[in-house]
Amino acid sequence: MGGLGTWIPVRGHFRVRGGPCVQERRRKAWSTPSTFPSFLALALAQPFLLPGLAPWLCPAAWMGSWGLPLQPAPCRSPLCRTLTPPEPRQAMEGEPTLRLRIFDLNCWAIRYLSKRRQERVRLIGDTLCHEGFDLVLLQEVWSEQDYSDLKVKLAGCYPFSHYFRSGVIGSGLCVFSRFPILDTLLYQYSLNGYPYMLQHGDWFCGKSVGLVIMKISGIIFNIYVTHLHAEYCRDKDAYLPHRLVQAWELAQFIRHTSKAADVVLLGGDLNMHPEDVGIRLLRGWTGLRDAFAEAAHFEGCKNGCTLIPDNCFAAKSELLPFPLGIRIDYILYKAISSFTVKCAELKTTMGRAPGVDIPFSDHEAVMATLHIQRQGQPAGATLGTADPALADVVTEARTEVGVGLQAARRQRYSSGRMAVLALLLLLLQALAALGTLAGLGTEQPFPKLSFCLLAFLALGVLILASGLHLFHTMEVKMLHGTEDQMWMVLRALQERPSEG
(Lines give C-alpha, C1' and ligand atoms only; values in the text may rest on other atoms or scores of the structure.)
Protein backbone atom coordinates (compact mmCIF):
# COMPACT_ATOMS: atom_id res chain seq x y z
CA MET A 1 0.00 0.00 0.00
CA GLY A 2 2.99 2.31 0.34
CA GLY A 3 3.24 2.57 -3.43
CA LEU A 4 -0.35 3.67 -3.91
CA GLY A 5 -0.49 6.27 -1.14
CA THR A 6 -3.38 7.32 1.08
CA TRP A 7 -5.87 10.23 0.61
CA ILE A 8 -6.40 12.34 3.73
CA PRO A 9 -8.69 15.40 4.11
CA VAL A 10 -7.00 18.71 4.97
CA ARG A 11 -9.39 21.67 5.52
CA GLY A 12 -11.89 20.31 3.00
CA HIS A 13 -9.25 19.26 0.39
CA PHE A 14 -7.24 16.03 -0.06
CA ARG A 15 -3.53 15.46 -0.16
CA VAL A 16 -1.44 12.34 -0.95
CA ARG A 17 0.58 10.87 1.85
CA GLY A 18 3.27 8.20 1.29
CA GLY A 19 3.81 6.20 -1.87
CA PRO A 20 7.05 7.22 -3.60
CA CYS A 21 5.81 5.80 -6.89
CA VAL A 22 2.80 8.07 -6.82
CA GLN A 23 4.90 11.10 -5.90
CA GLU A 24 7.37 10.33 -8.69
CA ARG A 25 4.57 10.06 -11.27
CA ARG A 26 3.14 13.42 -10.12
CA ARG A 27 6.56 15.08 -10.45
CA LYS A 28 7.04 13.74 -13.96
CA ALA A 29 3.52 14.64 -15.04
CA TRP A 30 3.98 18.27 -14.11
CA SER A 31 7.39 18.44 -15.77
CA THR A 32 6.34 16.78 -19.02
CA PRO A 33 6.44 19.29 -21.95
CA SER A 34 3.25 17.91 -23.50
CA THR A 35 1.27 18.56 -20.34
CA PHE A 36 2.26 22.17 -19.66
CA PRO A 37 0.65 23.71 -22.79
CA SER A 38 -2.65 22.11 -21.87
CA PHE A 39 -2.69 23.88 -18.52
CA LEU A 40 -1.56 27.11 -20.22
CA ALA A 41 -4.48 26.92 -22.64
CA LEU A 42 -6.84 26.21 -19.78
CA ALA A 43 -5.60 29.28 -17.93
CA LEU A 44 -6.06 31.49 -21.01
CA ALA A 45 -9.59 30.22 -21.49
CA GLN A 46 -10.47 30.80 -17.83
CA PRO A 47 -13.12 33.55 -18.41
CA PHE A 48 -15.03 31.24 -20.74
CA LEU A 49 -14.51 27.81 -19.22
CA LEU A 50 -14.51 28.39 -15.47
CA PRO A 51 -18.28 28.53 -15.01
CA GLY A 52 -18.69 25.19 -16.74
CA LEU A 53 -15.57 23.60 -15.28
CA ALA A 54 -16.17 24.64 -11.70
CA PRO A 55 -17.51 21.22 -10.68
CA TRP A 56 -14.38 19.55 -12.14
CA LEU A 57 -11.87 22.09 -10.87
CA CYS A 58 -13.21 21.80 -7.34
CA PRO A 59 -11.23 19.09 -5.49
CA ALA A 60 -14.29 17.93 -3.59
CA ALA A 61 -16.05 17.23 -6.89
CA TRP A 62 -13.45 15.57 -9.10
CA MET A 63 -12.26 13.26 -6.32
CA GLY A 64 -15.63 11.56 -6.43
CA SER A 65 -15.44 11.17 -10.23
CA TRP A 66 -12.41 8.91 -9.81
CA GLY A 67 -14.52 6.43 -7.94
CA LEU A 68 -12.72 6.85 -4.62
CA PRO A 69 -14.77 5.48 -1.73
CA LEU A 70 -14.49 8.66 0.27
CA GLN A 71 -17.06 11.22 1.47
CA PRO A 72 -15.19 14.54 1.53
CA ALA A 73 -16.21 17.43 3.74
CA PRO A 74 -18.02 20.39 2.11
CA CYS A 75 -15.62 22.23 -0.10
CA ARG A 76 -14.46 25.66 1.02
CA SER A 77 -12.17 26.45 -1.88
CA PRO A 78 -12.29 30.03 -3.24
CA LEU A 79 -13.35 28.74 -6.62
CA CYS A 80 -16.44 27.04 -5.23
CA ARG A 81 -17.37 30.07 -3.17
CA THR A 82 -17.04 32.33 -6.20
CA LEU A 83 -18.91 30.27 -8.79
CA THR A 84 -21.54 28.48 -6.73
CA PRO A 85 -24.73 30.56 -6.22
CA PRO A 86 -25.93 30.90 -2.61
CA GLU A 87 -28.88 28.82 -1.52
CA PRO A 88 -32.03 30.91 -0.96
CA ARG A 89 -33.09 31.22 2.67
CA GLN A 90 -36.16 29.15 3.30
CA ALA A 91 -38.71 29.84 5.99
CA MET A 92 -38.41 27.43 8.88
CA GLU A 93 -41.66 25.92 10.01
CA GLY A 94 -40.25 25.49 13.49
CA GLU A 95 -39.56 29.19 14.07
CA PRO A 96 -40.59 30.09 17.63
CA THR A 97 -43.58 32.39 18.11
CA LEU A 98 -43.31 35.34 20.48
CA ARG A 99 -46.47 35.88 22.52
CA LEU A 100 -47.01 39.46 23.68
CA ARG A 101 -49.85 40.56 25.98
CA ILE A 102 -50.72 44.29 25.92
CA PHE A 103 -52.91 46.33 28.26
CA ASP A 104 -54.16 49.78 27.19
CA LEU A 105 -56.30 52.14 29.29
CA ASN A 106 -57.30 55.78 29.59
CA CYS A 107 -57.19 56.03 33.40
CA TRP A 108 -59.18 59.30 33.84
CA ALA A 109 -56.99 60.25 36.79
CA ILE A 110 -57.46 64.03 37.02
CA ARG A 111 -56.38 65.26 40.41
CA TYR A 112 -59.20 66.76 42.54
CA LEU A 113 -61.74 66.24 39.72
CA SER A 114 -61.96 62.54 38.86
CA LYS A 115 -64.24 60.47 41.06
CA ARG A 116 -62.64 57.84 43.31
CA ARG A 117 -59.31 58.45 41.61
CA GLN A 118 -56.98 57.01 44.22
CA GLU A 119 -59.13 53.94 44.73
CA ARG A 120 -59.20 53.27 41.00
CA VAL A 121 -55.44 53.79 40.62
CA ARG A 122 -54.83 51.21 43.35
CA LEU A 123 -57.26 48.86 41.60
CA ILE A 124 -55.41 49.26 38.31
CA GLY A 125 -52.10 48.47 40.00
CA ASP A 126 -53.50 45.36 41.73
CA THR A 127 -54.99 44.06 38.49
CA LEU A 128 -51.78 44.57 36.54
CA CYS A 129 -49.80 42.70 39.20
CA HIS A 130 -52.27 39.82 39.14
CA GLU A 131 -52.70 39.50 35.36
CA GLY A 132 -49.04 39.71 34.38
CA PHE A 133 -49.15 41.54 31.06
CA ASP A 134 -45.97 42.12 29.06
CA LEU A 135 -46.63 45.75 28.16
CA VAL A 136 -48.89 48.39 29.74
CA LEU A 137 -49.85 51.65 27.97
CA LEU A 138 -51.66 54.22 30.13
CA GLN A 139 -53.12 57.65 29.38
CA GLU A 140 -54.49 60.44 31.58
CA VAL A 141 -52.21 59.71 34.50
CA TRP A 142 -52.02 63.44 35.14
CA SER A 143 -50.55 63.25 38.62
CA GLU A 144 -46.90 62.26 38.88
CA GLN A 145 -47.66 61.03 42.39
CA ASP A 146 -50.08 58.48 40.92
CA TYR A 147 -47.37 57.38 38.50
CA SER A 148 -44.86 57.04 41.34
CA ASP A 149 -47.32 54.95 43.36
CA LEU A 150 -47.90 52.66 40.37
CA LYS A 151 -44.17 52.41 39.73
CA VAL A 152 -43.51 51.26 43.30
CA LYS A 153 -46.37 48.76 43.26
CA LEU A 154 -45.47 47.34 39.83
CA ALA A 155 -41.70 47.23 40.33
CA GLY A 156 -41.70 43.47 40.84
CA CYS A 157 -43.79 42.63 37.76
CA TYR A 158 -42.87 45.53 35.47
CA PRO A 159 -39.34 46.66 36.41
CA PHE A 160 -39.04 49.06 33.46
CA SER A 161 -41.22 52.15 33.07
CA HIS A 162 -41.23 55.70 31.72
CA TYR A 163 -43.39 58.79 32.24
CA PHE A 164 -43.65 61.38 29.46
CA ARG A 165 -43.66 64.99 30.68
CA SER A 166 -44.96 67.89 28.58
CA GLY A 167 -47.28 70.89 28.73
CA VAL A 168 -48.39 72.63 31.91
CA ILE A 169 -49.79 69.64 33.76
CA GLY A 170 -48.15 66.87 31.75
CA SER A 171 -49.03 64.56 28.88
CA GLY A 172 -50.54 61.88 31.14
CA LEU A 173 -48.73 59.17 29.16
CA CYS A 174 -46.72 56.38 30.77
CA VAL A 175 -45.45 52.91 29.90
CA PHE A 176 -44.73 49.87 32.08
CA SER A 177 -42.87 46.88 30.67
CA ARG A 178 -41.41 43.53 31.63
CA PHE A 179 -38.62 44.11 29.11
CA PRO A 180 -35.83 46.71 29.13
CA ILE A 181 -36.53 50.07 27.52
CA LEU A 182 -33.63 51.00 25.22
CA ASP A 183 -34.66 54.54 24.27
CA THR A 184 -37.52 57.04 24.51
CA LEU A 185 -38.72 60.06 22.56
CA LEU A 186 -41.59 62.53 22.99
CA TYR A 187 -43.23 64.64 20.31
CA GLN A 188 -45.74 67.32 21.38
CA TYR A 189 -48.44 68.12 18.83
CA SER A 190 -48.25 71.58 17.31
CA LEU A 191 -52.00 72.25 17.76
CA ASN A 192 -53.97 71.22 20.82
CA GLY A 193 -57.13 73.28 21.29
CA TYR A 194 -57.46 76.84 22.56
CA PRO A 195 -56.08 78.35 25.78
CA TYR A 196 -59.28 80.32 26.44
CA MET A 197 -61.42 77.15 26.46
CA LEU A 198 -60.81 76.63 30.16
CA GLN A 199 -63.73 74.24 30.60
CA HIS A 200 -62.02 71.71 28.33
CA GLY A 201 -58.40 72.21 29.32
CA ASP A 202 -56.79 70.21 26.51
CA TRP A 203 -54.43 73.07 25.67
CA PHE A 204 -52.84 72.89 29.14
CA CYS A 205 -52.26 69.15 28.94
CA GLY A 206 -49.67 69.17 26.18
CA LYS A 207 -51.12 66.30 24.15
CA SER A 208 -48.24 64.26 22.72
CA VAL A 209 -47.09 60.93 21.37
CA GLY A 210 -44.49 58.98 23.31
CA LEU A 211 -42.12 56.44 21.78
CA VAL A 212 -40.30 53.65 23.61
CA ILE A 213 -37.90 51.29 21.84
CA MET A 214 -37.45 47.74 23.10
CA LYS A 215 -35.66 44.61 21.99
CA ILE A 216 -37.56 41.44 22.84
CA SER A 217 -36.12 38.08 21.80
CA GLY A 218 -33.98 39.81 19.19
CA ILE A 219 -36.93 41.73 17.71
CA ILE A 220 -36.83 45.54 17.68
CA PHE A 221 -40.15 47.04 18.79
CA ASN A 222 -41.19 50.67 18.31
CA ILE A 223 -44.04 51.19 20.77
CA TYR A 224 -46.08 54.40 20.62
CA VAL A 225 -48.59 55.68 23.17
CA THR A 226 -50.71 58.76 22.54
CA HIS A 227 -53.84 60.72 23.47
CA LEU A 228 -55.47 63.00 20.90
CA HIS A 229 -57.77 65.98 21.46
CA ALA A 230 -61.28 65.16 22.68
CA GLU A 231 -64.34 65.65 20.49
CA TYR A 232 -66.85 67.07 23.06
CA CYS A 233 -69.58 67.74 20.46
CA ARG A 234 -69.87 65.58 17.35
CA ASP A 235 -72.44 67.78 15.59
CA LYS A 236 -70.38 70.96 15.95
CA ASP A 237 -66.84 69.72 16.37
CA ALA A 238 -64.73 72.86 16.61
CA TYR A 239 -61.63 70.80 17.31
CA LEU A 240 -61.79 68.58 14.21
CA PRO A 241 -59.03 70.48 12.32
CA HIS A 242 -56.73 70.29 15.35
CA ARG A 243 -57.39 66.57 15.80
CA LEU A 244 -56.70 65.95 12.10
CA VAL A 245 -53.41 67.82 12.40
CA GLN A 246 -52.57 65.63 15.39
CA ALA A 247 -53.48 62.46 13.47
CA TRP A 248 -51.34 63.59 10.54
CA GLU A 249 -48.37 64.44 12.76
CA LEU A 250 -48.77 61.09 14.53
CA ALA A 251 -48.74 59.25 11.20
CA GLN A 252 -45.69 61.18 10.01
CA PHE A 253 -43.91 60.60 13.33
CA ILE A 254 -44.50 56.85 13.10
CA ARG A 255 -43.40 56.68 9.46
CA HIS A 256 -40.16 58.57 10.02
CA THR A 257 -39.12 56.94 13.32
CA SER A 258 -39.99 53.29 12.65
CA LYS A 259 -37.72 52.56 9.68
CA ALA A 260 -35.23 50.63 11.82
CA ALA A 261 -37.90 48.67 13.71
CA ASP A 262 -39.14 45.15 13.10
CA VAL A 263 -42.57 45.60 14.69
CA VAL A 264 -44.61 48.76 15.35
CA LEU A 265 -47.28 49.00 18.06
CA LEU A 266 -49.57 51.96 18.77
CA GLY A 267 -51.95 52.19 21.69
CA GLY A 268 -53.99 55.02 23.12
CA ASP A 269 -57.13 57.11 23.20
CA LEU A 270 -57.43 58.50 19.68
CA ASN A 271 -60.85 60.13 20.30
CA MET A 272 -61.98 59.10 16.82
CA HIS A 273 -64.60 56.62 15.67
CA PRO A 274 -63.38 53.81 13.37
CA GLU A 275 -65.07 55.40 10.33
CA ASP A 276 -63.77 58.94 10.99
CA VAL A 277 -61.45 60.51 8.45
CA GLY A 278 -58.69 60.90 11.04
CA ILE A 279 -58.42 57.20 11.85
CA ARG A 280 -58.64 56.29 8.17
CA LEU A 281 -55.86 58.75 7.44
CA LEU A 282 -53.68 57.35 10.23
CA ARG A 283 -54.14 53.73 9.23
CA GLY A 284 -53.89 54.37 5.51
CA TRP A 285 -50.72 56.46 5.69
CA THR A 286 -48.88 54.18 8.14
CA GLY A 287 -50.22 50.76 7.15
CA LEU A 288 -51.22 49.98 10.74
CA ARG A 289 -53.78 47.24 11.31
CA ASP A 290 -56.60 47.38 13.84
CA ALA A 291 -56.37 44.67 16.49
CA PHE A 292 -60.17 44.59 16.84
CA ALA A 293 -60.68 44.01 13.12
CA GLU A 294 -57.88 41.42 12.90
CA ALA A 295 -58.49 39.51 16.15
CA ALA A 296 -59.09 35.79 15.79
CA HIS A 297 -61.10 35.81 19.04
CA PHE A 298 -62.90 38.75 20.66
CA GLU A 299 -64.51 39.03 24.06
CA GLY A 300 -66.01 42.23 25.45
CA CYS A 301 -68.38 45.07 24.60
CA LYS A 302 -70.33 44.86 21.38
CA ASN A 303 -68.47 46.33 18.40
CA GLY A 304 -65.44 46.72 20.65
CA CYS A 305 -66.82 49.90 22.24
CA THR A 306 -64.62 51.47 24.90
CA LEU A 307 -66.98 54.26 26.05
CA ILE A 308 -70.32 52.73 27.00
CA PRO A 309 -73.47 53.89 28.85
CA ASP A 310 -73.18 50.99 31.33
CA ASN A 311 -70.06 52.56 32.82
CA CYS A 312 -71.09 54.58 35.88
CA PHE A 313 -68.37 57.18 35.26
CA ALA A 314 -69.20 57.79 31.59
CA ALA A 315 -71.03 60.98 30.57
CA LYS A 316 -74.46 59.69 29.61
CA SER A 317 -75.44 62.88 27.75
CA GLU A 318 -72.56 62.51 25.30
CA LEU A 319 -73.58 58.93 24.51
CA LEU A 320 -77.28 59.59 23.82
CA PRO A 321 -76.83 59.27 20.02
CA PHE A 322 -74.91 56.02 20.58
CA PRO A 323 -76.91 53.59 22.75
CA LEU A 324 -74.26 50.86 22.41
CA GLY A 325 -71.36 53.22 23.02
CA ILE A 326 -68.41 54.28 20.88
CA ARG A 327 -64.96 52.85 20.17
CA ILE A 328 -62.22 55.46 20.55
CA ASP A 329 -59.41 53.44 22.22
CA TYR A 330 -57.23 51.39 19.90
CA ILE A 331 -54.33 48.97 19.68
CA LEU A 332 -52.80 49.12 16.20
CA TYR A 333 -49.81 47.20 14.89
CA LYS A 334 -47.78 46.20 11.84
CA ALA A 335 -44.64 44.28 10.93
CA ILE A 336 -41.97 46.00 8.88
CA SER A 337 -39.14 43.51 8.25
CA SER A 338 -39.16 39.71 8.07
CA PHE A 339 -41.83 39.18 10.71
CA THR A 340 -45.55 38.57 10.82
CA VAL A 341 -47.86 39.87 13.55
CA LYS A 342 -51.26 38.37 14.27
CA CYS A 343 -53.80 39.28 16.92
CA ALA A 344 -54.82 36.02 18.54
CA GLU A 345 -57.19 37.55 21.08
CA LEU A 346 -58.70 40.89 22.02
CA LYS A 347 -60.68 41.67 25.17
CA THR A 348 -62.33 44.71 26.72
CA THR A 349 -63.78 45.28 30.14
CA MET A 350 -67.56 45.63 30.24
CA GLY A 351 -68.43 48.47 32.58
CA ARG A 352 -66.74 47.06 35.67
CA ALA A 353 -63.29 45.87 36.54
CA PRO A 354 -62.99 42.10 36.98
CA GLY A 355 -64.13 41.03 40.45
CA VAL A 356 -65.16 44.47 41.76
CA ASP A 357 -68.18 46.76 41.51
CA ILE A 358 -66.47 49.83 40.02
CA PRO A 359 -64.76 50.39 36.66
CA PHE A 360 -61.10 51.15 36.14
CA SER A 361 -62.07 54.44 34.50
CA ASP A 362 -64.75 56.08 32.41
CA HIS A 363 -63.10 54.22 29.50
CA GLU A 364 -62.93 50.47 29.08
CA ALA A 365 -59.57 48.73 29.11
CA VAL A 366 -58.33 47.07 25.89
CA MET A 367 -56.27 43.88 26.21
CA ALA A 368 -54.64 42.25 23.18
CA THR A 369 -52.58 39.10 22.70
CA LEU A 370 -50.26 39.31 19.72
CA HIS A 371 -48.24 36.52 18.11
CA ILE A 372 -45.03 37.59 16.37
CA GLN A 373 -43.12 35.12 14.19
CA ARG A 374 -40.21 35.38 11.78
CA GLN A 375 -40.92 34.54 8.17
CA GLY A 376 -38.61 33.32 5.41
CA GLN A 377 -38.32 36.30 3.12
CA PRO A 378 -38.22 39.92 4.35
CA ALA A 379 -41.55 41.66 4.00
CA GLY A 380 -41.10 45.17 2.76
CA ALA A 381 -42.38 48.06 4.81
CA THR A 382 -46.10 48.39 4.39
CA LEU A 383 -46.77 52.08 4.24
CA GLY A 384 -50.25 51.93 2.86
CA THR A 385 -49.38 54.07 -0.16
CA ALA A 386 -50.55 51.39 -2.59
CA ASP A 387 -54.18 51.77 -1.56
CA PRO A 388 -56.00 53.71 -4.30
CA ALA A 389 -58.55 54.94 -1.75
CA LEU A 390 -55.81 56.66 0.25
CA ALA A 391 -55.83 59.63 -2.13
CA ASP A 392 -59.52 60.17 -1.37
CA VAL A 393 -58.85 60.02 2.36
CA VAL A 394 -56.02 62.56 2.11
CA THR A 395 -58.25 64.81 0.00
CA GLU A 396 -61.04 64.65 2.57
CA ALA A 397 -58.66 65.38 5.43
CA ARG A 398 -57.09 68.27 3.53
CA THR A 399 -60.54 69.75 2.93
CA GLU A 400 -61.32 69.69 6.66
CA VAL A 401 -57.96 71.25 7.47
CA GLY A 402 -58.69 73.96 4.90
CA VAL A 403 -62.01 74.73 6.63
CA GLY A 404 -60.15 75.09 9.91
CA LEU A 405 -57.58 77.32 8.22
CA GLN A 406 -60.26 79.75 7.03
CA ALA A 407 -61.79 79.86 10.52
CA ALA A 408 -58.37 80.53 12.06
CA ARG A 409 -57.77 83.38 9.64
CA ARG A 410 -61.09 84.98 10.57
CA GLN A 411 -60.27 84.70 14.27
CA ARG A 412 -56.84 86.19 13.68
CA TYR A 413 -58.39 89.14 11.85
CA SER A 414 -60.99 89.71 14.60
CA SER A 415 -58.43 89.61 17.40
CA GLY A 416 -56.08 91.88 15.49
CA ARG A 417 -58.84 94.42 14.86
CA MET A 418 -59.79 94.37 18.55
CA ALA A 419 -56.16 94.97 19.51
CA VAL A 420 -55.94 97.97 17.16
CA LEU A 421 -59.16 99.48 18.56
CA ALA A 422 -57.91 99.06 22.13
CA LEU A 423 -54.62 100.70 21.18
CA LEU A 424 -56.45 103.68 19.61
CA LEU A 425 -58.56 104.10 22.74
CA LEU A 426 -55.42 104.15 24.87
CA LEU A 427 -53.83 106.75 22.58
CA LEU A 428 -56.93 108.97 22.80
CA GLN A 429 -56.89 108.76 26.58
CA ALA A 430 -53.20 109.56 26.64
CA LEU A 431 -53.76 112.63 24.46
CA ALA A 432 -56.63 113.81 26.68
CA ALA A 433 -54.47 113.37 29.78
CA LEU A 434 -51.55 115.27 28.23
CA GLY A 435 -53.90 118.07 27.15
CA THR A 436 -55.21 118.47 30.67
CA LEU A 437 -51.70 118.54 32.11
CA ALA A 438 -50.62 121.15 29.56
CA GLY A 439 -53.61 123.40 30.39
CA LEU A 440 -55.17 123.08 26.97
CA GLY A 441 -58.46 121.95 28.50
CA THR A 442 -60.44 123.92 31.09
CA GLU A 443 -61.47 120.83 33.04
CA GLN A 444 -61.34 117.02 32.92
CA PRO A 445 -64.18 115.79 30.65
CA PHE A 446 -64.54 112.53 32.68
CA PRO A 447 -64.20 111.77 36.37
CA LYS A 448 -60.73 110.60 37.24
CA LEU A 449 -61.92 107.20 38.50
CA SER A 450 -63.86 106.47 35.33
CA PHE A 451 -60.96 107.68 33.23
CA CYS A 452 -58.52 105.33 35.02
CA LEU A 453 -60.90 102.37 34.82
CA LEU A 454 -61.38 102.94 31.10
CA ALA A 455 -57.62 103.07 30.61
CA PHE A 456 -57.08 99.82 32.49
CA LEU A 457 -59.88 98.18 30.52
CA ALA A 458 -58.37 99.28 27.22
CA LEU A 459 -54.94 98.03 28.33
CA GLY A 460 -56.39 94.65 29.32
CA VAL A 461 -58.22 94.30 26.02
CA LEU A 462 -55.04 95.23 24.17
CA ILE A 463 -53.00 92.57 25.94
CA LEU A 464 -55.66 89.88 25.56
CA ALA A 465 -56.36 90.67 21.91
CA SER A 466 -52.64 90.77 21.09
CA GLY A 467 -52.13 87.37 22.71
CA LEU A 468 -55.05 85.89 20.78
CA HIS A 469 -53.73 87.41 17.57
CA LEU A 470 -50.35 85.76 18.12
CA PHE A 471 -51.96 82.43 18.98
CA HIS A 472 -54.20 82.41 15.91
CA THR A 473 -51.25 83.47 13.77
CA MET A 474 -49.38 80.36 14.90
CA GLU A 475 -52.53 78.31 14.35
CA VAL A 476 -52.79 79.60 10.78
CA LYS A 477 -49.16 78.67 10.11
CA MET A 478 -49.58 75.14 11.50
CA LEU A 479 -52.79 74.49 9.57
CA HIS A 480 -51.30 75.94 6.39
CA GLY A 481 -48.18 73.83 6.78
CA THR A 482 -50.22 70.66 7.26
CA GLU A 483 -52.33 71.51 4.23
CA ASP A 484 -49.16 71.91 2.13
CA GLN A 485 -47.81 68.57 3.34
CA MET A 486 -51.05 66.84 2.45
CA TRP A 487 -51.01 68.47 -0.97
CA MET A 488 -47.52 67.14 -1.69
CA VAL A 489 -48.52 63.64 -0.57
CA LEU A 490 -51.69 63.83 -2.65
CA ARG A 491 -49.74 64.85 -5.74
CA ALA A 492 -47.32 61.95 -5.24
CA LEU A 493 -50.20 59.49 -4.84
CA GLN A 494 -51.88 60.75 -7.99
CA GLU A 495 -48.68 60.58 -10.04
CA ARG A 496 -47.71 57.09 -8.92
CA PRO A 497 -50.20 55.10 -11.06
CA SER A 498 -49.09 56.92 -14.21
CA GLU A 499 -45.45 56.02 -13.48
CA GLY A 500 -46.33 52.33 -13.25
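Among contacts in the chain between residues at least 6 apart in sequence, 72% link residues at least 24 apart. The model from which this value was computed is a predicted one. Its secondary structure comprises 13 helices and 15 strands. Of the 500 residues of the chain, 44% are classed as buried. The area exposed by the chain is about 27,000 Å², and 61% of that area is supplied by carbon and sulfur atoms.

Attention was then given to helix α9 and the loop that precedes it. The helix covers residues 240-257, and 15 of its 18 residues are buried, so that α9 is mostly covered. Its length was compared with the value expected for a helix. At 1.5 Å a residue, a span of 26 Å should result for the 18 residues of α9; the C-alpha atoms at its ends lie 25 Å apart, which agrees with that expectation.

The residue D237 is located in the loop between β9 (219-227) and α9 (240-257). Its relative accessibility is 16%, and because buried residues are those under 20%, D237 falls in the buried class. The side chain of D237 reaches the backbone nitrogen of Y239 at a distance of 3.2 Å. When neighbours within four places in sequence are left aside, D237 is in contact with E231 and R243. Thus the surroundings of this buried loop residue include the backbone nitrogen of Y239, together with the contacts to E231 and R243.

Notes
Residues numbered from 1 in each chain as written. Predicted model: local features only at pLDDT ≥ 70, side-chain atom pairs only at ≥ 80, totals over all residues. Heavy atoms only, no water. Helix = DSSP H or I, 4+ residues; strand = E, 2+ residues; numbered from the N terminus. Buried < 20%, exposed > 50% of the residue type's maximum accessible area, 1.4 Å probe, protein only. Contact = heavy atoms within 4.5 Å. Areas by Shrake-Rupley, 256 points an atom, 1.4 Å probe, with all protein chains shown as cover. Polar contact = N/O pair within 3.5 Å; in protein donor to acceptor, adjacent residues only side chain to side chain. Expected span 1.5 Å × (residues − 1).
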